[in-house]
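Open the model in your viewer and keep the selection box ready. We will go from one residue outward, then back to the whole chain.

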Amino acid sequence: MIRVIALSLLFVATSAIASDGDVAGFDDRRGAVLPDVSFLDDDGAAVHLSQFFGKPFYLAFAYHTCPQLCGLVLGRFASALRDVPGRSGETFDVVVVSIDPHDSPQRSRDAKQRYTARYGSGDGWHFLTGNDADIHALAQAAGFRYLFDPMRNTFVHPAGVFYIDRGGIVQGHVEGTDFTAASLAAARDAPSSPWSRLCGALGVGNGVHSASEIGRAHV
């Protein structure tokens with residue numbers, strides 16, 4: 001009986017990992033135009049995504065109660081972005097969308113203060129929260145696959161940031177957490193060699209992609 005229970009638990013754990021791999025990752029959406037969905041900004045004001053289509057922007061998906069990965073992604077992204085040519089608010093913007101519909105503008109403000117302090121300026125940084133339907137619509141259009149896992153009370157999601165061209169057109173993304181100025185700049189136009197990694201089970205790394213090379217992470 002003990003052996004049967006142990007095998008059952010192993011099967012459940014293996015299935016969960018396989019499921020994570022299936023649902024969390026990046027899809028090829030190059031050339032897709034992002035939908036004009038609605039959010040609240042970090043001041044609680046209603047905004048439309050199209051308000052940011054006037055200049056290129058880096059797009060990150062995160063949630064503000066994430067135990068580890070989101071902070072790692074945003075922190076290292078903000079640090080690497082300091083060495084990218086141009087300045088936020090002038091040549092490009094940064095848009096961070098919470099995948100948790102329960103996140104609030106107050107949490108957005110707190111997060112914005114942390115990461116813009118690391119970058120050195122809050123100009124052009126927008127932290128957005130919204131309802132589940134609009135979040136999913138945007139994530140699907142960008143090629144960001146994630147899932148809420150009620151058993152672990154956490155979101156299974158990939159690590160990385162997107163580069164969105166003028167007009168809200170998906171250009172590419174950088175996977176992982178080890179961002180560099182070169183990898184962030186390369187996301188605008190050129191893919192690199194294929195890379196794939198599952199955070200938690202295998203660790204995290206980085207790679208520049210045109211969104212056709214698929215990787216995934218969770219926590």
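Select D93. In this predicted model, D93 counts as buried, because its relative accessibility is 6% and the cut-off for buried is under 20%. Now colour residues 93–98: this is strand β5, and D93 belongs to this strand.

Stay on the side chain of D93. Which side chain does it meet in a polar contact? Select H126: the two side chains make that contact at 3.4 Å. Next, show the backbone of G89. The backbone nitrogen of G89 is 3.5 Å from a polar atom of the D93 side chain.

Widen the selection around D93. Leaving out residues up to four places away in sequence, D93 touches F52, K55, P56, F57, Y58, G124 and H126. H126 is thus on this list as well as being the polar partner.

Move on to D110. Colour residues 105–119 to see helix α3, where D110 sits. Is D110 buried, exposed or partly exposed? D110 is partly exposed, because its relative accessibility is 34%, and partly exposed runs between under 20% and over 50%. Add H64 and draw a line between the two C-alpha atoms. D110 and H64 are 46 residues apart along the chain, and their C-alpha atoms are separated by 9.0 Å.

Now zoom out and switch to cartoon. The protein has 5 helices and 12 strands. Of its 219 residues, 50% are buried. Among contacts with a separation of 6 or more, 70% link residues 24 or more positions apart. Finally, turn on the surface. The protein exposes about 9800 Å², with 56% of that supplied by carbon and sulfur atoms.

Note on methods:
Residues numbered from 1 in each chain as written. Predicted model: local features only at pLDDT ≥ 70, side-chain atom pairs only at ≥ 80, totals over all residues. Heavy atoms only, no water. Helix = DSSP H or I, 4+ residues; strand = E, 2+ residues; numbered from the N terminus. Buried < 20%, exposed > 50% of the residue type's maximum accessible area, 1.4 Å probe, protein only. Contact = heavy atoms within 4.5 Å. Areas by Shrake-Rupley, 256 points an atom, 1.4 Å probe, with all protein chains shown as cover. Polar contact = N/O pair within 3.5 Å; in protein donor to acceptor, adjacent residues only side chain to side chain.
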